[in-house]
Amino acid sequence: MRGKRNPWILVILLLFGALVGGLVGEALSGYEYLKWMSFGGTDGYRNLFAFSLDPLIDTRVLKLGINMALRVNAGSILGMLAGLLVFSRL
């Protein structure tokens, strides 16, 4: 049964762990003894990847652009590790 695990479950668990861990890490970084939760950047996040096409289409009526960034803090990394642990236990 272990050999038939769906890889999409892993992706969902990693994204959910990163989201919840990032929110928890941001909330807990306000305490003095948990300052390490915001290990980088000005707002507690470190950009791992950033992509921008701004503006892709620019007319006088409509302006369309694409921005994407992958930002992490210590809580989101811990959340992804927890998601990986849950996936390995399934």
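**Briefing: an α-β-β-α protein**

Going along the sequence, the protein runs α-β-β-α, with two helices and two strands in total. Keep in mind that this is a predicted model. Mean pLDDT for the protein is 82, with 89% of residues at 70 or more.

**Confidence by element**
- Helix α2 comes out best among the elements, with a mean pLDDT of 91, while strand β1 (residues 46-58) sits lowest at 77.
- Where pLDDT is low, don't read the predicted coordinates in detail.

**The whole chain**
- Of the 90 residues in the protein, 20% are buried.
- Looking at contacts with a separation of 6 or more, 60% of them link residues 24 or more positions apart.
- About 7100 Å² of the protein is exposed, and carbon and sulfur atoms supply 68% of that area.

**A look at helix α2**
- Helix α2 takes in 16 residues, 74-89. At 1.5 Å a residue it should span 22 Å, and its end C-alpha atoms are 23 Å apart, so the two values agree.
- At the N-terminal end of α2, Asn73 acts as a cap: one of its side-chain oxygens lies 3.2 Å from the backbone nitrogen of Gly75.
- Gly75 also turns up among the buried residues of α2, together with Ala74, Ser76, Gly79, Gly83 and Phe87.
- An α-helix has 3.6 residues a turn, so residues three or four places apart point the same way.
- The cover over the buried residues of α2 includes helix α1 (7-28) and strand β2 (63-72).

Note on methods. Residues are numbered from 1 along each chain as its sequence is written. This is a predicted model: local features need pLDDT of at least 70, side-chain atom pairs count only at pLDDT 80 or more; totals for chains, interfaces and linings use all residues. Side-chain values use heavy atoms; hydrogens and water are left out. Helices (H or I, at least four residues) and strands (E, at least two) are DSSP runs, numbered from the N terminus. The expected span of a helix is 1.5 Å times one less than its number of residues. Buried means under 20% relative accessible area, exposed over 50%, partly exposed in between (1.4 Å probe, protein chains only). Contact means heavy atoms within 4.5 Å. A polar contact is a pair of N or O atoms within 3.5 Å; within protein, one must be able to donate a hydrogen and the other to accept it, and residues adjacent in sequence count only if both atoms are side-chain atoms. pLDDT is the predictor's confidence in each residue, from 0 to 100. Accessible areas come from the Shrake-Rupley method with a 1.4 Å probe; for residues, only the protein chains shown count as cover.
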